[in-house]
Amino acid sequence: MKGLVLRGSRNIFTVRSDGGDPSALSALGGVEFECRIKGKVLKGVDGYYNPLAPGDQVRFEVDPLHSQKGLILGLEERTRILTRFNRKGQAPQILAANVDLVCCVTTTSAPPFRPRFLDRAILQADIAGIPVVVLCNKSDLLETDPDTEVRLRDYERIGYQVLRVSACTGEGIDTLRSLMANRFSVLLGQSGVGKSSLVNALIPGIHSKVGLLNEKYDRGNHTTTMSVALELPGCENRTFIIDTPGLRHLVPDGIQGDDLILYLRDFAPLAGTCAYGLSCSHQSEPGCKILEAVAAGEIHEDRYESFLRIQDELRG
Ligand SMILES: Nc1nc2c(ncn2[C@@H]2O[C@H](COP(=O)(O)OP(=O)(O)OP(=O)(O)O)[C@@H](O)[C@H]2O)c(=O)[nH]1
Ligand SMILES: [Mg+2]
Ligand SMILES: [Zn+2]
């Protein structure tokens, strides 16, 4: 049988079987199976921190003795993988596979806007070649910082769609739902920005667990602990939203430091134009077109700050 990985913890994965005859499936004990990997190793997953992630398509067999259990036999070809570099494991970690849309969730307050994180999240989507949208949640909160507004408008200027939404009042939720229809979308963002609350607003009756903000630090409490794919009903084709745990830090995966500017939409057109060509580090060299663009306001200085930090990290 073939199926979709909905979630996984340690080495048990929940797999939903694909299509087929619904009555035959119910005879097998339902459409979701708790699966282990047969023989403990899966072909094609070498080098990754985790073997499977939500969104993966697998081949599996049902355990003849336990109708709700199964064994995963193989992984179908995966495309558009959203990863990050897992420092602890020193390997790329798959956050979700076969992704059609990355929704980078942010807020203007509670928790405060964090441009460093957002820049990394949209960079990772661009590295993976996955369309990306910025969701600015909690639009119902009125204390917005003018600097944050400037930054959000800058993302629009350089070519990213920014959608203002509120899981609380429902603002923008219909637009978001139509953006997600017939696709596999991932909600990515720090703890407390309201990813699970957005899932609750999008899928009535789902009751995903939502946490309180830490009063002292004004950030989330890492309420969601495992990535999970949830079906958005009422769409023509299969539509899933993958809710993820809030990430503390996102180390880019899949690029070398020297290639960084190629993946930053506002920097990329200037690649190779500096006086020192491709060997320019864009930090202090004379004739650096990136520095000139920052000085002219064509690249926002805060984006440049993100660039410096990521470049440092990739080179270090
Ligand atoms: N005012 C307001 N509060 C919101 C909104 N969306 C979420 N919240 C609140 O923000 C807090 C955190 O929401 P969660 O949905 O748990 O955030 P999360 O991003 O899933 O957090 P983690 O699972 O820890 O990564 C909760 O107290 C929510 O009630 C919103 O649109 N407006
Ligand atoms: Mg959550
Ligand atoms: Zn330069």
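**Fold and ligand shell of a predicted protein model**

Of the 316 residues in the protein chain, 37% are buried (20 or more other C-beta atoms within 10 Å of the residue's own, against 12 or fewer for exposed and in between for partly exposed, with C-beta atoms placed from the backbone). The model is predicted: local features need pLDDT of at least 70 and side-chain atom pairs count only at pLDDT 80 or more, while totals for chains, interfaces and linings use all residues. Residues are numbered from 1 along each chain as its sequence is written, chains are lettered from A and ligands numbered from 1 in the order in which they are written.

The protein chain contains 7 helices and 13 strands (DSSP runs of H or I with at least four residues, and of E with at least two, numbered from the N terminus). Its C-alpha trace spans about 70 × 45 × 40 Å along the principal axes. The radius of gyration of the protein chain is 21 Å, which agrees with the value near 20 Å for a compact globule of 316 residues (taken over C-alpha atoms; the globule rule is 2.2 Å times the number of residues to the power 0.38).

Ligand 1 is surrounded by 26 residues, the closest being Gly-194, Ser-196, Ser-197, Thr-224 and Gly-246 (C-beta atom, placed from the backbone, within 6 Å of the ligand). Helix α5 (residues 195–202) gives the most to this shell, with 3 residues.

Gly-89 lies in the loop between β6 (82–86) and β7 (91–96). Gly-89 counts as exposed because it has 11 C-beta neighbours inside 10 Å. Its C-alpha atom is separated by 9.1 Å from that of Tyr-48, 41 residues apart along the chain.
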